[in-house]
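Got your viewer open and a hand on the mouse? Load the model, and let's take a walk through it together.

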Amino acid sequence: MYLEIISPEETLFNGEIDSISVPGSLGSFQVLENHAPIVSSIDSGKVTIRGKFDSSKKYVNYFERLDDNVLVFNISSGTIEVNKNRIILLSEKY
């Protein structure tokens with residue numbers, strides 16, 4: 001799956017991932033490959049991204065790297081759109 005995280009100021013992340021977990025307005029949910037199309041608002045909380053990330057690549061300061069396969073991002077609010085294994089997360093970051 002391909003993920004883009006976009007804030008009003010900049011693109012925070014773009015790349016291939018295995019899954020993403022978000023704090024949806026009606027409850028947290030996870031998106032895996034071939035997920036049904038969805039648009040949802042996101043509440044304040046942690047976004048967890050799993051994938052095979054290059055350990056030598058530095059990610060934007062907004063991410064906490066738990067290990068080579070997990071990045072965590074704090075979000076204050078946002079919107080997520082999933083369609084055909086492409087995910088766009090519009091974010092208000094902390």
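**Stop 1: The whole chain**

Start zoomed out. A compact globule of 94 residues would have a radius of gyration near 12 Å, and this chain has 12 Å, so the two agree. Turn the C-alpha trace around and you'll find that it spans about 35 × 30 × 20 Å along its principal axes.

Keep in mind that you're looking at a predicted model. Colour the chain by pLDDT: the mean is 90, and 91% of the residues reach 70 or more. Where is confidence lowest, and where is it highest? Select strand β7 (residues 63–67) for the lowest, with a mean of 86, then strand β3 (residues 19–24) for the highest, at 97.

**Stop 2: The cartoon**

Switch to cartoon view. How many helices and how many strands does the chain have? The count is zero helices and nine strands. Follow the chain from the N terminus and the elements read β-β-β-β-β-β-β-β-β.

Now think about who touches whom. Take the contacts with a separation of 6 or more: 52% of them are between residues 24 or more positions apart.

**Stop 3: The nonpolar core**

Time to look inside. Of the 94 residues, 39% count as buried. In soluble globular proteins, nonpolar side chains tend to be buried together. Here, the largest nonpolar core has 21 residues. Show Ile-5, Ile-17, Ile-20, Ile-49, Ile-87 and Leu-89 as sticks: these have the most contacts inside that core.

Which elements give two or more residues to this core? They are β1 (2–6), β2, β3, β6, β8 (70–83) and β9 (86–93). Of these, β8 gives the most, with five residues.

Next, click on Leu-89 and hide its neighbours within four places in sequence. Plenty of contacts remain to be picked out, among them Ile-5, Ile-20, Val-22, Val-47 and Ile-75. Not every partner is an Ile or a Val, though: Glu-4 and Thr-79 are also in contact with Leu-89.

**Stop 4: The rings**

Now select the aromatic side chains. There are three aromatic pairs to find. Go to the one formed by Phe-13 and Phe-53, with ring centres 6.1 Å apart and 85 degrees between the planes. Is that stacked or edge-to-face? Planes over 60 degrees apart count as edge-to-face, and that is how this pair is classed.

Trace the chain from one ring to the other. Phe-13 sits in strand β2 (residues 11–16), while Phe-53 is in the loop between β6 (45–50) and β7, so the pair links distant parts of the chain, 40 residues apart. Both of these rings' residues, Phe-13 and Phe-53, are buried. Add Phe-63 and Phe-73 to your selection, and you have a cluster of four residues linked by ring pairs.

**Stop 5: Two asparagines**

Head for the loop between β4 (27–31) and β5 (38–42), where you'll find Asn-34. Asn-34 isn't a glycine, yet it has a positive phi of about 65 degrees. Asn-34 is exposed, with a relative accessible area of 62%.

Then jump to the loop between β8 and β9 and select Asn-85. This residue isn't a glycine either, and its phi is positive too, at about 60 degrees. Buried, partly exposed or exposed: which one is Asn-85? Asn-85 is partly exposed, with a relative accessible area of 22%.

**Last stop: The surface**

Finish by turning on the surface. The accessible surface of the chain comes to about 5,400 Å², and 47% of that belongs to carbon and sulfur atoms.

Methods
Residues are numbered from 1 along each chain as its sequence is written. This is a predicted model: local features need pLDDT of at least 70, side-chain atom pairs count only at pLDDT 80 or more; totals for chains, interfaces and linings use all residues. Side-chain values use heavy atoms; hydrogens and water are left out. pLDDT is the predictor's confidence in each residue, from 0 to 100. Helices (H or I, at least four residues) and strands (E, at least two) are DSSP runs, numbered from the N terminus. Rings of Phe, Tyr and Trp (its six-membered ring) pair if their centres lie within 6.5 Å; planes under 30 degrees apart count as stacked, over 60 as edge-to-face and the rest as tilted. Buried means under 20% relative accessible area, exposed over 50%, partly exposed in between (1.4 Å probe, protein chains only). The radius of gyration is taken over C-alpha atoms; the globule rule is 2.2 Å times the number of residues to the power 0.38. Contact means heavy atoms within 4.5 Å. Accessible areas come from the Shrake-Rupley method with a 1.4 Å probe; for residues, only the protein chains shown count as cover. A nonpolar core is a set of buried Ala, Val, Leu, Ile, Met, Phe, Trp, Tyr and Cys residues joined through side-chain atoms within 4.5 Å.
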